[in-house]
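Here is a structure to read slowly, starting from one small part. The answer then moves outward to the rest of the chain.

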Amino acid sequence: MGSVRHAMSFAALALLALPATALAQAPDVAPAAPLPPEPAPPAAPVPAPAPPAAPAPAVPGGTAPAAPAQDEDAMVAAEWVARDTDLNEANTLTGGSGLLRTQHAQSGAPGQFRLGIVSEWYTGNFLCTTTFPCPATPTSGGNKITSDTLHHFGGTISLGASLFKIGEGTFEAYASTEAVANSDTANVPTLLQVFGDTNLAVKYVAPVGNVMHLGLFTELWLINGTGSVGLAGDGTSAKFGGIATADMRGLDSPVPLRFSANVVYAFDDTASVVTDTETGRAAAAGLPSGSTIPITRIERYGLDVNRVDHVDLYLGGEVFVADDRARPFLEAHILIPNNRQGYACHQNNGSPTANPSGDYCLATDKLAPTTITLGSRFYPWKRGFSVIAALDVALAGSTDFIEELAPIPPWTLFLGAGWATDTWEKPPVVKTKIIEKPVEKIAATRHVTGFVHERDKNDPIANAIATYRDRSDLAPLATGADGKFGDDVPPGQYTYDIKADGYKPGSCDVAVPKEGAAVNTDCPLEPLPRVGTVVGHVRDALTGEPIAAVQIVLTDSQHKEFRINADPSGGFRFEGVAPGTADVNVTADGYLALVSPADVKVRQENAVDLALRPIPKRPNVVISGKEITIKQQIQFALDSAVILPDSFGLLTEIADTLIRHGELKRVEVQGHTDNSGTADHNKMLSEQRAEAVVAWLTQHGVTSDRLMARGYGQEKPLVPNVTAGNRAQNRRVQFIILEKEGSAPAPPTGERKRNPLPGF
């Protein structure tokens with residue numbers, strides 16, 4: 001095509017100082033890495049970066065509050081250890097801190113700058129194959145080309161800067177520019193181009209814990225024009241992405257691993273730079289106005305042109321080895337195209353005038369170019385200088401091609417180096433003169449072992465804390481799984497104050513002699529009562545308004561009964577409740593009685609919400625003669641004993657009736673069905689439904705000894721099973737009163753003559 005995209009940066013073009021023909025003959029020549037700075041002594045390894053110490057607040061007169069010099073020196077030293085660690089963050093190809101392409105949701109310390117130079121190289125033949133031949137050239141004898149030789153060499157220079165803190169996070173800015181040369185034997189001219197694009201970006205990252213970090217970034221992609229000098233405004237593109245990083249070095253037990261994931265949407269308008277070329281080719285071929293002849297596959301690769309937007313997914317992980325001097329990493333990249341531009345691919349592939357690319361189309365052939373990258377960074381001096389080596393391997397997109405996307409080579413080798421510098425001036429190390437003076441002889445120490453256990457038992461208490469009374473100069477001690485703590489102390493009298501979860505505070509004394517063996521002391525603790533607390537509110541189930549002054553009765557797992565009245569806000573609190581399941585019972589005027597279970601845990605506040613249903617103006621439950629009559633039917637799932645939620649209100653009324661009428665000593669809960677299905681199946685289903693109703697009522701405050709479940713199947717229809725309506729009446733649950741206070745018990749209904757109407 002003969003067009004040239006000029007480099008945007010002299011620094012990037014310096015990578016291509018060798019003639020393109022020399023690059024084709026010696027593709028393995030990589031740019032020489034600049035000499036590294038003078039190596040500094042290796043810093044001691046640090047598990048995780050420590051946050052910079054906050055400066056002491058200024059006071060009038062320009063003086064700072066007095067602080068122990070030793071503490072201040074330690075804070076400054078910790079800050080610079082963290083800054084030195086952050087200095088080893090390195091640039092991606094676009095300039096943001098990360099791996100080769102995957103960005104980390106972490107950055108350097110404010111005031112640190114990073115420079116990176118990376119070269120890339122490939123040689124081989126993948127653009128012209130028998131499946132995807134390239135167009136004929138004047139030297140090919142009019143035949144399509146099925147084999148080519150491509151030499152690719154390029155370089156990227158990037159600059160990143162961690163500027164300042166915003167809250168807990170860091171604001172980072174970065175930029176990059178690239179230059180590339182390609183030579184392909186199947187293209188005319190052989191040397192395709194030298195071009196440069198520039199990327200400007202900002203990024204914000206912040207920790208959300210010791211391990212997780214999150215970030216956002218946006219990149220402005222400035223595309224250089226073809227056949228002219230300067231930027232192509234129509235080709236300006238942009239990227240927006242989110243980052244998540246899990247740095248396992250932040251764990252309590254640090255692990256030298258870090259993983260990052262990026263999700264990026266690219267508004268890709270790079271195809272705009274070839275619009276004039278494709279229109280001009282169509283005009284030269286005599287095609288109608290407005291027609292285009294797409295550039296070839298080789299040109300699309302050389303120009304790195306995509307005709308559609310894409311979502312880029314990056315996933316990377318690295319491991320820190322050899323005292324952090326080596327960081328092997330593995331990356332994966334998937335490009336998912338999205339035809340926002342509405343580009344119409346030329347379907348007649350292979351036509352010399354319509355589609356010289358000979359490629360497939362996104363509309364009919366889906367493709368998501370995918371690569372994995374294996375590489376490592378090395379820090380020979382661990383002070384901001386690094387070298388990188390990485391190899392891209394294509395999994396998809398190097399053997400199948402579509403007109404909308406730039407091809408990717410089967411492999412690409414990357415070699416480069418990076419530098420980082422800190423603009424903050426490190427404070428000088430002040431050496432103090434050591435004045436020797438006589439030191440008093442310190443008495444020999446003796447070892448003291450304390451055993452913390454439950455009083456009157458020999459059970460050890462782990463994780464108890466023993467502090468020295470009136471001796472702030474001695475550090476507190478903790479017991480292990482065996483309940484023991486130990487320390488070496490000078491002779492004297494000591495008192496240990498002991499605290500442990502679930503026990504009353506206690507103490508133990510020990511006298512340490514000047515001579516003799518180790519000393520043991522016994523430290524028994526009194527256990528706290530193993531009880532819990534139940535708290536909650538009483539409210540109207542319909543309006544949510546609190547119900548005050550009503551009495552709440554709680555019966556705990558040991559059958560101990562507590563009574564209390566709700567406060568004006570409907571709140572209540574029971575203390576000293578035995579652990580286990582407790583029943584909370586409330587009966588209020590105008591409301592249905594409610595019994596709710598509460599799971600009581602030791603030394604915890606256990607919450608329960610009591611939502612009372614108002615008594616219906618038209619009751620659905622009436623005691624009539626020898627039956628508790630219900631005006632609605634309890635609804636079950638089809639051919640099942642599962643009670644539907646629509647019937648919970650009716651069951652609450654039934655429970656309320658039984659709770660308020662304690663004179664009903666025994667009630668038979670009967671299950672009945674119609675004659676659909678077999679008699680045995682109906683018998684079993686009716687029994688299961690009766691048992692489900694008894695279980696529900698028992699869970700809501702009705703004692704189980706007052707209820708008896710029995711299923712009659714299809715044996716006792718109310719009406720003949722001749723219509724759907726009649727069968728619906730026969731599917732029912734009835735509550736027959738077997739025993740009432742002050743009257744003789746009635747025999748179960750299965751042993752007496754059945755009356756035609758219920759309740760008689």
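Colleague: Please take a close look at one pair of strands. In which sense do strand S15 (residues 465-468) and S16 pair, and over how many bridges?

Modeller: A caution comes before the answer: this is a predicted model. The pairing between S15 and S16 is antiparallel, and two bridges make it up. For a residue to look for, take Ile465, whose bridge partner in S16 is Ala478.

The pair belongs to an open sheet of four strands, and reading across this sheet gives the order S16-S15-S18-S19, with antiparallel pairing. Its two edges are strand S16 (477-478) and strand S19 (506-512), each of which pairs on one side only.

To place this sheet, consider the whole protein. The protein has 760 residues, and 44% of them are buried. Its secondary structure consists of eight helices and 32 strands. Among contacts with a separation of 6 or more, 66% are between residues 24 or more positions apart. The accessible surface is about 38,100 Å², and carbon and sulfur atoms hold 58% of that area.

Confidence varies along the chain. The mean pLDDT is 83, with 83% of the residues at 70 or more. Residues 1-67 have a pLDDT below 50, although the model gives this stretch 120 contacts beyond near neighbours in sequence. Residues 750-760 also stay under 50, and there the model has 14 contacts beyond four places in sequence.

Next, the surface. Phe113, Leu115, Leu159, Leu163, Phe164 and Ile166 form a nonpolar patch there, and together they have about 480 Å² of accessible area. Two strands, S1 (112-124) and S2 (150-166), each supply at least two residues of this patch. S2 gives the largest share, with four residues. Phe113 is found in strand S1. Phe113 counts as partly exposed because its relative accessibility is 33%, which falls between the limits of 20% and 50%.

Strand S1 also leads to the salt bridges, of which the structure holds 26. One of them joins the side chains of Arg114 and Glu172, with 3.2 Å from N to O. Arg114 is in strand S1 and Glu172 is in strand S3 (residues 169-184), so this pair ties together parts 58 residues apart in sequence. Arg114 has a relative accessibility of 4% and therefore counts as buried. Glu172 is buried too, because its relative accessible area is 0%.

Another salt bridge is formed by Arg83 and Asp422, whose closest N and O atoms are 2.8 Å apart. It links distant parts of the chain: Arg83 is in helix H3 (residues 69-86), Asp422 is in strand S13 (residues 411-422), and 339 residues separate them. Arg83 counts as buried because its relative accessibility is 1%. For Asp422 the value is 18%, which is under the 20% limit, so Asp422 counts as buried.

A further salt bridge pairs Arg307 with Glu278, with the closest N and O atoms 2.4 Å apart. Arg307 lies in the loop between helix H5 (297-303) and strand S9 (309-319), while Glu278 lies in helix H4 (residues 275-284), so parts 29 residues apart in sequence are tied together. Both Arg307 and Glu278 are buried. Elsewhere, Glu89, Arg258 and Glu318 are joined into one network by salt bridges that share partners.

Last, a residue without a charged side chain to follow: Gly375, in strand S11 (residues 370-378). Gly375 is buried because its relative accessible area is 11%, under the 20% limit. Leaving aside residues up to four places away in sequence, Gly375 touches Arg327, Pro328, Phe329, Ala389 and Ala390. The C-alpha atom of Gly375 is separated by 6.5 Å from that of Leu330, which is 45 residues apart from Gly375 along the chain.

To return to the request, S15 and S16 pair in the antiparallel sense over two bridges, and S16 is an edge strand of the sheet.

Methods: Residues are numbered from 1 along each chain as its sequence is written. This is a predicted model: local features need pLDDT of at least 70, side-chain atom pairs count only at pLDDT 80 or more; totals for chains, interfaces and linings use all residues. Side-chain values use heavy atoms; hydrogens and water are left out. pLDDT is the predictor's confidence in each residue, from 0 to 100. Contact means heavy atoms within 4.5 Å. Two strands pair if DSSP finds at least two bridges between them. Patches are made of residues with over 30% relative accessible area and no salt bridge: like charges are joined within 9 Å, nonpolar side chains (Val, Leu, Ile, Met, Phe, Trp, Tyr) within 5 Å. Accessible areas come from the Shrake-Rupley method with a 1.4 Å probe; for residues, only the protein chains shown count as cover. A salt bridge is a side-chain nitrogen of Lys or Arg within 4 Å of a carboxyl oxygen of Asp or Glu. Buried means under 20% relative accessible area, exposed over 50%, partly exposed in between (1.4 Å probe, protein chains only).
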